[in-house]
Amino acid sequence: MSGFYDDLEVRSADARVAAQSAALVAQVARVRAAEGNCLPSDVTVAGLEDLVKLPVLRKSDLAAWQADKPPFGGIPVANVAHVFQSPGPIYEPGGVSHDWWRMGRFLHAAGIGADDVVQNCFGYHLTPAGMIFESGARAVGAQVLPAGTGQTELQVQAAAAVGTTAYAGTPDYLKVILDKAEAMGVRLGITKAAVGGGALFPAMRAEYADRGIACLQCYATADLGNIAYESPAMEGMILDEGVIVEIVTPGTGDPVAEGEVGEVVVTTLNPDYPLIRFATGDLSAFMPGQSPCGRTNMRIKGWMGRADQTTKIKGMFVRPEQVATLVARHEEIARARVIARREGAQDVMTVQLEAAGGSAELFSRSVIDVLKLKAAVEVVPPGSLPRDGVVIEDQRSYE
């Protein structure tokens, strides 16, 4: 399959910024029109440059809103066809309009189209993953075998009977199906795989390639739909055209410098479910340049760990938000890193502060005040702490 899903994938950066700015302004107005919305009324949003002025929305906030105003927490939701439940519990709406979760763009990049039968092995029970990928398959004209998970022998029989050519599901479950088919002496016709929801390790991708299957992965969530996806170039993950992505310092809403690791924060431009600056809890980083495949949107490096690094030290939780408060308290401090170690039978905490001036003694008082724990404070030169998105590092062994 050649070509692009639509012209949006190859538009200029200026055209993309203009379109996303207009969509953002409309999205903010939509939320502000809702009763009891939590966006600050004194912030003017005229384009993408104003997005950073708005607060970050976290899953804990969403869960609290939904408990107060079930099921969607007062967020203005439209065109709801399904209601899903994710762990938390958190409830997400789902629509049936064309490519509602924008998964068709990824499936098209994976070479899936009208000639394919997709064995959809994502779950259809309560959580939305099954419907997300089915919606994408419909968008590219493919037939769907709604297989879900489990009953692997029946999965093999069905794949052979209906002529499955493409797999959708977690990366590891495809191997389970292929190995079962081999044990049953059944030859399957799967040549394409679109995966998500788990790690696609290089060795696993190589094994699928050896079996004649081209396997690409996406980055999607139940709340946001597709965020980014691989193309056949397999150089990073290209941002979806229906979202605005920021990379921020964990625990804050402050963008990191280009290329640094931080938390992925997403604003969806879907008018049916407007989430603004929604924190995914995942770490990633922007990549320079454009994909060799010709798609012009920005790229991220993919999943690089969890941003919620909340750690219990000496019986007390230390959170990224507290570390951010500590940094903000002193203009000399550029960034901080909390390190938890074990000495004998006791926890030991060290706080490294990247600062152009100031004393460890002065900063120690703030550490106790903000983190509620005593710590060894080390003042280190500017630029010396790693730019890896880690603000709380747990070096303790739990073996």
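**Two domains, a sheet and some hollows**

In this predicted model, 7 residues of domain 1 touch 8 residues of domain 2, where a contact is a pair of heavy atoms within 4.5 Å. The domain assignment puts domain 1 at 7–306 and domain 2 at 311–394; such bounds come from an automatic or database assignment. Between the C-alpha centres of the two there are 34 Å.

A word on the ground rules. Numbering starts from 1 along each chain as its sequence is written, and side-chain values use heavy atoms, with hydrogens and water left out. Since this is a prediction, local features need pLDDT of at least 70 and side-chain atom pairs count only at pLDDT 80 or more, while totals for chains, interfaces and linings use all residues.

Let's start with an open sheet of 4 strands, in the order 19-18-17-20 with mixed pairing. Strand 19 (376–380) and strand 20 (392–394) are at the edges with a single partner strand each, so one side of each has no neighbour in the sheet. From one strand to the next, the twist averages 20 degrees. Helices (H or I, at least four residues) and strands (E, at least two) are DSSP runs numbered from the N terminus, and two strands pair if DSSP finds at least two bridges between them. Strand 17 (residues 333–343) and strand 20 run parallel, joined by 3 bridges, and Val338 sits opposite Ile392 in strand 20.

Now for the hollows. They are found on a 1 Å grid over the protein atoms alone: in a cavity a 1.4 Å probe fits but cannot get out, whereas a pocket is an open set of points with protein on both sides within 12 Å along at least five of seven lines; lining residues have an atom within 4 Å of a point. Points are joined across faces, edges and corners, and a volume is the space filled by probe spheres set on them.

The largest pocket has a volume of about 1,100 Å³. Of the 39 residues lining it, Gly196, Gly197, Gly198, Tyr219 and Ala220 lie nearest its centre. Strand 7 (214–221) is among the elements giving two or more residues to that lining, and it gives the most, with 5.

The second largest pocket holds about 500 Å³. Its lining counts 23 residues, with Leu48, Ile244, Val245, Phe286 and Met298 nearest the centre. Here strand 10 supplies the largest share, 5 residues.

Finally, there is 1 cavity of 30 Å³ or more. The largest cavity has about 70 Å³ of space, and its lining includes Trp100, Trp101 and Arg102.

Technical notes
Axes are lines fitted to C-alpha atoms, for helices over the stretch in contact, and angles run from 0 to 180 degrees between N-to-C directions.
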